[in-house]
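Welcome! Here is a short briefing to help you find your way around a new structure. Please take a look at the sequence and the model first.

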Amino acid sequence: MLILQNESFYYKSNELYCEEIPVGVLAKQFGTPLFVYSRSFFERQFNNFNKAFEGIKRKIFFAAKSNFNINVIKLFHNLGAGIDVNSAGELYRALKAGVNPSDIIFSGVGKTEEEIVLALKKKIKLLKAESAEEIFLINEISKSLGTVADIALRVNPDVDAKTHPYISTGLKTNKFGIDSKDAKRLFLEAAKLENLRVVGIDMHIGSQITSVEAYKNAVEKLAELYRELKDKGIPIKHFDVGGGMGVKYKDEEPLNIEKLAQILIPIFKKFDVEIFFEPGRYLTANGGILVTKILYAKKNGEKNFIVVDAAMTELLRPSLYKAYHNIQPLKLNNNKEITADVVGGVCESGDYFAKDRKLTKTTPGEYLAILGAGAYGMTMSSNYNGRRRPPEILVQGNQPIVIRGRETFEHLLYDEEIKI
Ligand SMILES: *Cc1c(COP(=O)(O)O)cnc(C)c1O
């Protein structure tokens with residue numbers, strides 16, 4: 001059985017800890033399912049990333065869609081991060097977290113008029129446009145508000161990020177960004193519009209990318225475009241590399257951030273621009289676990305099933321992408337191993353966390369930790385099957401902070417009442 005540990009989630013006397021607290025204590029105190037995050041992990045990841053790019057003008061925008069709890073947003077903002085939002089809802093969260101609008105950038109292939117109006121009224125740093133139509137729409141809205149909007153254009157560099165097709169975004173067959181062939185023409189057209197200032201060039205080639213080469217290829221492609229635009233007198237101020245930096249979920253080599261910096265810094269040193277990054281998963285994934293209790297251990301024919309009290313409603317990634325999440329017990333024991341499917345209680349065959357996984361034999365009532373749940377866990381959660389979302393606990397040394405409570409039945413009916 002694969003056991004993963006890091007400086008923040010580790011075993012001591014065969015018991016899983018988060019920082020200075022045994023996770024089992026949290027499970028008993030707050031119940032399960034339960035998200036547990038480590039503050040020190042988040043801080044270490046951010047600081048390592050930031051330090052790797054020392055020597056160039058840079059700003060890291062935390063991609064809030066990976067973990068949008070307002071405390072997590074605030075934590076990264078306090079460390080110096082800006083925030084990358086993908087919707088009016090995430091913008092609302094970032095503002096509630098106390099983020100300066102001038103530290104917020106807005107991504108997304110399908111921004112609505114309402115979202116553009118809100119972003120411009122709040123005076124965020126910039127909007128990233130992903131199509132000709134969107135460029136014109138932002139210009140129109142900006143004009144009607146009597147302002148000049150700062151925008152960046154997201155260019156699709158058409159490189160293969162060699163990641164899962166569901167999370168690859170930088171191929172020309174993906175819906176994202178502006179085709180690289182049209183990019184120069186659109187930059188020049190956008191620059192002529194009166195209520196726009198084209199200040200940035202932007203890319204985001206996918207997620208869970210472990211190859212430094214993919215970034216190099218894409219950045220080199222856009223660097224060429226950058227030089228052409230500079231020659232045409234377009235005052236590009238920001239070059240945004242996007243996010244997607246991959247982490248370790250199993251036995252893969254995670255993206256080596258120092259190596260990425262080694263390759264990118266020499267390219268960027270020649271530019272007179274500020275470099276933006278938008279990591280989400282890299283900062284949060286392995287800083288969180290989903291703790292769940294074993295309800296039943298059953299056998300259907302030859303197959304073992306471990307039924308737990310968490311489900312696809314808390315962590316959708318296995319169902320959505322067949323993503324691998326390591327699962328390990330809170331208490332290591334010397335029991336023999338079994339091979340089992342770990343499944344939730346939702347009425348869907350796709351509701352599972354692991355298939356044919358080797359685990360140490362555990363019994364109902366014991367707890368499991370599902371690792372790598374700090375990113376795209378809670379933010380993808382739902383109320384399907386009438387399930388209430390779990391709490392989120394941020395551990396800070398020996399102190400657990402409830403940064404979101406468990407949903408109640410009242411939450412489920414918050415905006416619904418009998419009308420007939
Ligand atoms: C999702 C997303 C990110 C963050 O991706 P990670 O894989 O979590 O780093 C950054 N930028 C954009 C535009 C995104 O859509």
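The notes below cover the domains, the contact between them, and the ligand with its surroundings. Please keep in mind that this is a predicted model.

**How the protein is divided**

- The domain assignment splits the protein into two parts, with domain 1 made of residues 9-38 + 285-412 and domain 2 made of residues 107-279.
- If you look for the C-alpha centres of domain 1 and domain 2, you will find them 35 Å apart.

**Where the two domains meet**

- On the domain 1 side 9 residues take part in the contact, and on the domain 2 side 7 residues do.
- The size of an interface is often given as the accessible area lost when the parts come together.
- For domain 1 and domain 2 the buried area is about 750 Å², with 59% of it on carbon and sulfur atoms.
- Three residues to pick out here are Asn286, Tyr321 and Tyr324, which supply 58% of the area that domain 1 buries against domain 2, more than any other three residues.
- There are 0 salt bridges across the interface of domain 1 and domain 2, while 1 residue pair is in polar contact between them.
- By class, the side of domain 1 that touches domain 2 has 4 nonpolar, 4 polar and 1 charged residues.

**Around the ligand**

- The ligand has 15 residues around it, and those that come nearest are Lys65, Ser207, Gly244, Glu278 and Tyr376.
- Sorted by class, this shell around the ligand holds 3 nonpolar, 7 polar and 5 charged residues.
- In the side chain of glutamate 278, an N or O atom is 2.5 Å from a nitrogen atom of the ligand.
- Glycine 244 takes part through its backbone, where a polar atom is 2.7 Å from an oxygen atom of the ligand.
- Aspartate 84 has a polar side-chain atom 3.3 Å from a nitrogen atom of the ligand.
- On its own the ligand has 390 Å² of accessible area, and the protein covers 94% of it.

Note on methods
Residues are numbered from 1 along each chain as its sequence is written. This is a predicted model: local features need pLDDT of at least 70, side-chain atom pairs count only at pLDDT 80 or more; totals for chains, interfaces and linings use all residues. Side-chain values use heavy atoms; hydrogens and water are left out. Domain bounds come from an automatic or database domain assignment. Contact means heavy atoms within 4.5 Å. Buried area is the accessible area (1.4 Å probe) that two parts lose on being put together, summed over both. A salt bridge is a side-chain nitrogen of Lys or Arg within 4 Å of a carboxyl oxygen of Asp or Glu. A polar contact is a pair of N or O atoms within 3.5 Å; within protein, one must be able to donate a hydrogen and the other to accept it, and residues adjacent in sequence count only if both atoms are side-chain atoms. Ala, Val, Leu, Ile, Met, Phe, Trp, Tyr, Cys and Pro count as nonpolar, Asp, Glu, Lys and Arg as charged, and the others, Gly among them, as polar. A residue is near a molecule or strand if one of its heavy atoms lies within 4 Å of it. Accessible areas come from the Shrake-Rupley method with a 1.4 Å probe; for residues, only the protein chains shown count as cover.
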